[in-house]
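Here is a short round of questions and answers for someone meeting this structure for the first time. Keep the view open while reading.

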Amino acid sequence: MSYTVSDNVGHRNDKPPQPPKNPVDYENAIYQKGLQFERPPFTFQSGEWEPQAKARMSANSIGYVCGNAGTGETARKNHEAFAKWSIVPKRLVKTKGMPALSTTVLGKHLPFPIAVAPVGVQRIFNPEGELASAAAAAAESVPYIMSTASSTSIEDVAEANGDGERWFQLYWPAREHDDITISMLNRAKKAGFSALFVTLDTYVLGWRPTDMDNGYNPFLRSDTIGVAIGFSDPVYRAQFKEKHGKEIEEDLHTAAAEWTRTVFPVLSHGFDDVKFLQEHWDGPIILKGIQTVDDAKQCAELGIQGIVVSNHGGRQVDGGVSSLGVLPGIVAAVGDKLDIFFDSGVRAGADIAKAMALGAKMCLIGRPFVYGLVLGGQQGVSHVLKSLLGDLELTLHLAGIEGADPKYLNRGVLMREDELWRS
C-alpha cells in the first residue's frame, strides 16, 4: 500500500510499496527527459534551495526556519566545519557496482543513511505540511521523525506515512505533566512510531532575533499550528475542559498558550528522569542535542540506544561549538556502546559522507527538506531527499569508496585540510 497527498489529506492507493531505487537513477531520468527538451521543476543546486524558498515564503516563515540563535555564530560554525575535513579520493578501485548506501541503526537494516529530521509547524511552509513530508519520506524509503510541534495529529501523520519507517520526537513536558507525556507516547506507539527521539536542548525557545523582529511565535496563535498534537490529545483535552469549563475549540488562544507552556516547560529535566521514559516507552530511545563527551557517556551508562550529536542547527545556543567538530570525540568515547546520529549543517552529499566517515551512522536532514516542502510539497521534499542521496552515491563512487559501511567509509578517507598546508 502506498500513499499520496492532496487537499491536505493523505490517501491510500492500490499501488504496492516500491523497493528503494538507486539514487543515481534520478540523475539518469533527468537527462533522458532533457532529450525531449524537458527541464526539471526544481533546482539540483542545493545552495539555491534556501534562496528560492525564501522568495516564496512570508517574512514570518523565513524568520522561523532560516533564523538562528543570537548572531548566528553557531550555525556558521556548523557549515564551516565541513570544509575543515576533505575527502581523499582513491583510484583504480575495482567494484561490482555502485556503492551501497545502507546502514544499520536501532537494530534495523535501512537502505539509506538519512532521515527526515523533526521539524514542527510545517503548515506555515506549505498547506499540506507534515502530511506531504511524511508521504515523501515513505516514498523515498527514508525514516520520518515527527515533531511534537507538528501542525498535524500523530494519527494523521502515521496515515500519510503508510508503511514507512517512522520515529517520534518528544518535547518533554515537566514531570507534573507525566500523564500527558504518557498519553503522547502511547498514541505514538499505537500509530506505529517505533523509536523515541527526545530533544534535550529546547525546554524553552532560544534567543531568536528574526522571530522577535517579526513578533512571531507560531505556537501562540489561535490555530493548530505547532499545537495539533496537544489539541488532539485526550488527556490534555480533558484537563483543559475541567480547568476552563469549555472545549479547546471555544478558546484556541488560551489552549495554545497552555499547551506551549506544557511542552516547553522552561526548566530542564535531569539524567535521573530518563528512567521514567524507559519505563513508559517500549522501544529504542535516542537523546537529541548531545554536544559533550561527558553527556554522551552518561547516555551510554543509562542504557540509551542512541544519541543525536546536534546543536539544533544553531537555533538554540549562540557561540556554541560546531556539531561536526565535537562528533569525532563523542564517537571515540561511546561509538561502540550506542548508535550515533548526526545533524546540524548538512546541505550536500559530501557533508553526509564526512559525518559518516567521522563515525555517525545516520544523518538527519532538516532545513533542506523544508525548502523542498516550500517549493513543491511532497514532490519537493522527495526531490531534496533523492538529490542528497544521489549526490552522496556519486561522491563515494568517484572517490573510490565502495559503500557507506564503516569498513569503507571511515576516518581513513578523510584528511584535515589544514594538515595539507603545514610546512
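## Cavities, core and salt bridges

Q: Which element gives the most to the lining of the second largest cavity?
A: This is a predicted model. The second largest cavity has a volume of about 30 Å³. Its lining includes Gly372, Leu375 and Gly380. Five residues of the lining come from one element, the top contributor, and that is α16.

Q: How many charged residues are in the lining of the second largest cavity?
A: Phe42, Thr43, Trp49, His383 and Val384 are among the residues that line the second largest cavity. By class, the lining has four nonpolar residues, four polar residues and, for charged ones, a count of no residues.

Q: What is the volume of the largest cavity?
A: The whole structure holds two cavities of 30 Å³ or more. The largest cavity is lined by 31 residues, with Pro118, Val119, His312, Arg315 and Gly366 nearest its centre. Its volume is about 430 Å³.

Q: Which element gives the largest share of the lining of the largest cavity?
A: Elements that give two or more residues to this lining are α3 (59-66), β8, β13 (362-365) and α16. The largest share is three residues, and it comes from α16.

Q: How many charged residues are in the lining of the largest cavity?
A: The lining of the largest cavity is counted by class. Nonpolar residues number 15 and polar residues ten, while the charged residues number six.

Q: Which strand gives the most to the lining of the second largest pocket?
A: The second largest pocket has a volume of about 600 Å³. It is lined by 32 residues, and Leu200, Asp201, Tyr203, Ser268 and Gly289 lie nearest its centre. Two elements give two or more residues to the lining, β8 (166-171) and β10 (285-290). The most, three residues, comes from β10.

Q: Which helix gives the most to the largest nonpolar core?
A: Nonpolar side chains tend to be buried together in soluble globular proteins. The largest nonpolar core here has 108 residues, and Phe125, Ile307, Leu327 and Phe342 have the most contacts inside it. One helix, residues 367-398, gives 13 residues to this core, and that is α16.

Q: How many residues are in the other core, which lies apart?
A: The largest nonpolar core has 108 residues. Apart from it lies another core that includes Leu106, Leu110, Ile286 and Met362. The residues in that other core number 14.

Q: Is Val346 buried or exposed?
A: Val346 sits in the loop between β12 (339-342) and α15 (349-357). Leaving out residues up to four places away in sequence, it touches Phe82, Asp351, Ile352, Cys363, Ile365 and Pro368. Its relative accessibility is 2%, and the cut-off is under 20%, so Val346 is buried.

Q: What is the phi of Val121?
A: Most residues other than glycine have a negative phi. Val121 lies in the loop between β6 (114-116) and α5 (129-139). Its relative accessible area is 0%, so Val121 is buried. Its phi is positive, near 45 degrees.

Q: What is the phi of Ser344?
A: Ser344 is found in the loop between β12 and α15. It is buried, with a relative accessible area of 5%. Ser344 is not a glycine, yet its phi is positive, at about 105 degrees.

Q: How many residues apart in sequence are the parts tied together by Lys288 and Asp343?
A: Side chains of opposite charge can pair when their charged atoms come close. Lys288 and Asp343 meet in a salt bridge, 3.6 Å from N to O. Lys288 lies in strand β10 and Asp343 in the loop between β12 and α15, so the parts tied together are 55 residues apart.

Q: Is Asp336 buried or exposed?
A: Asp336 and Lys337 meet in a salt bridge, 3.3 Å from N to O. Lys337 is exposed, with a relative accessible area of 52%. For Asp336 the relative accessible area is 67%, and the cut-off is over 50%, so Asp336 is exposed.

Q: How many salt bridges are there in the count?
A: One salt bridge joins Arg175 and Asp178, with the closest N and O atoms 2.9 Å apart. Arg237, Lys241, Glu247 and Glu249 are linked in a network of salt bridges. The count of salt bridges comes to 16.

Key:
Residues are numbered from 1 along each chain as its sequence is written. This is a predicted model: local features need pLDDT of at least 70, side-chain atom pairs count only at pLDDT 80 or more; totals for chains, interfaces and linings use all residues. Side-chain values use heavy atoms; hydrogens and water are left out. A nonpolar core is a set of buried Ala, Val, Leu, Ile, Met, Phe, Trp, Tyr and Cys residues joined through side-chain atoms within 4.5 Å. Buried means under 20% relative accessible area, exposed over 50%, partly exposed in between (1.4 Å probe, protein chains only). Helices (H or I, at least four residues) and strands (E, at least two) are DSSP runs, numbered from the N terminus. Contact means heavy atoms within 4.5 Å. On a 1 Å grid over the protein atoms alone, a cavity is a set of points where a 1.4 Å probe fits but cannot get out, and a pocket is an open set with protein on both sides within 12 Å along at least five of seven lines; lining residues have an atom within 4 Å of a point. Grid points are joined across faces, edges and corners, and a volume is the space filled by probe spheres set on the points. A salt bridge is a side-chain nitrogen of Lys or Arg within 4 Å of a carboxyl oxygen of Asp or Glu. Ala, Val, Leu, Ile, Met, Phe, Trp, Tyr, Cys and Pro count as nonpolar, Asp, Glu, Lys and Arg as charged, and the others, Gly among them, as polar.
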